Amino acid sequence: MARGCSDAPVLRERGQREVFCGLTGIVWLHRKIQDAFFLVVGSRTCAHLLQSAAGVMIFAEPRFATALMEERDLAGLADAHDELDGVVAKLLRRRPDIRMLFLVGSCPSEVIKLDLGRAAQRLDGVHKSNGVRVLSYSGSGIETTFTQGEDACLAALVPQMPRDEAPQLLVVGALAEVVEDQLSRIFSAMGLTNLAFLPPRRARELASVGRGTKMLLAQPFLADTARALESRGAVHIPALFPLGVEGTTAWLTAGAAAMGISAQRIRDAVEMPETRARLALERARAELSGKRVFFMPDSQLEIPLARFLHNELGMELIEVGTPFLHRAHMTPELEAMPANTFLSEGQHVDRQLDRVRAARPDLTVCGLGLANPLEAEGMTTKWAIELVFTPIQGYNQAADLAELFARPLRRKALLEV
Ligand code: SF4
């Protein structure tokens, strides 16, 4: 049996890293759970990060904010719990549409050891009778990557899920609504009806979980959430992630087969969208085939993206860096990659930059902080964060995903003319 690069050696590095913190996840999570509010308990730095990550999205009624900790809070001169209670009461009075409130921890709240878990429990008791649930998680930047904010948020939802042992397929990971709708349509064309998603679109639609739950991960960065669901009886279905045509077919097939759908019904439902998506990839394939790509560790999407770029678009993988290599979730991906793939885990940014400079890749996928310096050295880059903010999963998005990698190369070619 082909083992791909699952037995390949992995370069493990520790050192300075260049990544965003978990607060970033609020930018896509607040769009997904439409009656949730994210209250960051943090500093002005946290507020600025959130504002710039949210970019141009200005809402009349934003669904995230920062409860600013001032110097006297940090010096322990004020009772932060009292202040937080006041801020939450005011917020909920002003915004009766909020059904789920997340208190989001930050570096400053962790430094002063402000126990947001305890605060959430207390406030949940106060506001539950008004139909508002209060939960907490940490988005702090200490030793995390930016997608771990979503993992922490979803893991906080798991204890709230009602128990139900009935068979169901639970898709885990925030997907854009358009993607979720497409994938639901394909599952229902196969005859699969007992399908649920985590996170839900509305607080009251939170799925149940139990021993009949089969869990299909839609995102590769959900280690804690998966562990929490497993502890409640859910069973993980190993699968490729739904990126590209190959990944989407494998992901849909694994989920449906685990629910007892026949191979023929699965094939019938995927045949047409799969063929269409494959055709749509041809333009990007002609542009990307043979080009050399280097992934720096950032979003944890690196391995499935590298598999897509190599297997479906013919790109050559120089190095595939990932912040963490979660083998239990990544085995099917590793088995689908070329045996000689150079994998690295963690980061020592200077050493890795030396490898980038030595290899002179056609395209380097990296965080925002590294993109500008590399561009200044004449290299072409792709911001990893854009891949998380854009709908990229499923058949209809496969060509758009390829386009995200083709565009910087095209722009470079135009500039060189
Ligand atoms: S949580 Fe930490 S890393 Fe993130 S913005 Fe606030 S201070 Fe910076």
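# Strands, Core and Loops of a Predicted Model

Biologist: Which buried residues cover one side of strand 6, and which cover the other?

Modeller: In this predicted model, both faces of strand 6 are covered. Five of the five residues in the strand, 168-172, are buried, so the strand is largely enclosed by the rest of the structure. Gln168, Leu170 and Val172 are the buried residues of one side, and those of the other are Leu169 and Val171.

Biologist: Which strand is joined to strand 6 by five bridges?

Modeller: Strand 6 has two parallel partners to consider. Strand 7 (residues 195-198) is joined to strand 6 by four bridges, with Leu170 standing opposite Ala196. On the other pairing, Leu169 has Lys214 as its bridge partner. The strand that shares five bridges with strand 6 is strand 8.

Biologist: What is the order of the open sheet of four strands?

Modeller: Strand 8 also pairs in the parallel sense with strand 9, over two bridges, and the bridge partner of Met215 in strand 9 is His236. The pairing throughout this open sheet is parallel, and the order is 7-6-8-9.

Biologist: Which strands are the edge strands of that sheet, each pairing on one side only?

Modeller: The order of the four strands is 7-6-8-9. An edge strand here pairs on one side only, which holds for strand 7 and strand 9 (235-236).

Biologist: What is the hand of the β-α-β unit made by strand 6, helix 8 and strand 7?

Modeller: Strand 6 and strand 7 run parallel. Helix 8, residues 177-189, belongs to the unit together with these two strands, and the unit is right-handed.

Biologist: Which residues touch the most other members of the largest nonpolar core?

Modeller: Val172 of strand 6 is buried. Leaving aside residues up to four places away in sequence, Val172 touches ten residues' worth of surroundings that include Leu154, Leu198, Met215, Leu222 and Leu229. Within the core of 126 residues, those with the most contacts to other members are Phe102 and Val172.

Biologist: Why is one side of strand 1 and of strand 14 left without a neighbour in the sheet?

Modeller: Six strands form an open, parallel sheet in the order 1-12-11-10-13-14. Strand 1 (10-13) and strand 14 (381-383) stand at its edges, so one side of each lacks a neighbour: each has a single partner strand.

Biologist: By what angle, on average, are neighbouring strands of this sheet turned against each other?

Modeller: The sheet concerned is the open one of six strands with parallel pairing. Ignoring direction, the average turn between neighbouring strands is 20°.

Biologist: Which residue stands opposite Cys366 in strand 14?

Modeller: Strand 13 (residues 363-366) and strand 14 run parallel and are joined by three bridges. Opposite Cys366 in strand 14 stands Trp383.

Biologist: What angle does the direction of helix 13 make with that of strand 11?

Modeller: Helix 13 (residues 302-311) packs on the sheet and touches both strand 10 (292-295) and strand 11 (316-322). This helix is mostly covered, with eight of its 10 residues buried; among them are Ile303, Leu305, Phe308 and Leu309. The angle between the directions of helix 13 and strand 11 is about 170°.

Biologist: Is Gln300 buried or exposed?

Modeller: Gln300 is found in the loop between strand 10 and helix 13. Its phi is near 75°, a positive value in a residue other than glycine. With 26 other C-beta atoms within 10 Å, Gln300 counts as buried.

Biologist: Is Lys113 buried or exposed?

Modeller: Lys113 is found in the loop between helix 5 and helix 6. Although Lys113 is not a glycine, it has a positive phi of about 55°. With 7 C-beta neighbours inside 10 Å, Lys113 counts as exposed.

Biologist: What is omega for the cis peptide bond that joins Leu198 and Pro199?

Modeller: Most peptide bonds are trans. Pro199 lies in the loop between strand 7 and strand 8. For the cis bond between Leu198 and Pro199, omega is about 5°.

Biologist: What is the radius of gyration of the chain?

Modeller: The chain has 18 helices and 14 strands. For 417 residues the globule rule gives 22 Å, and the chain comes close to this value, so it is as compact as a globular protein of that length; its radius of gyration is 22 Å.

Terms used. Residues numbered from 1 in each chain as written. Predicted model: local features only at pLDDT ≥ 70, side-chain atom pairs only at ≥ 80, totals over all residues. Pairing = 2+ DSSP bridges. Axes fitted to C-alpha atoms, helices over the stretch in contact; angles between N-to-C directions. Contact = placed C-beta atoms within 7 Å. Buried ≥ 20, exposed ≤ 12 C-beta atoms within 10 Å, placed from the backbone. Right-handed = clockwise from strand over helix to strand, strands pointing away. Core = buried A, V, L, I, M, F, W, Y, C linked by C-beta atoms within 7 Å. Rg over C-alpha atoms; globule rule 2.2 N^0.38 Å.
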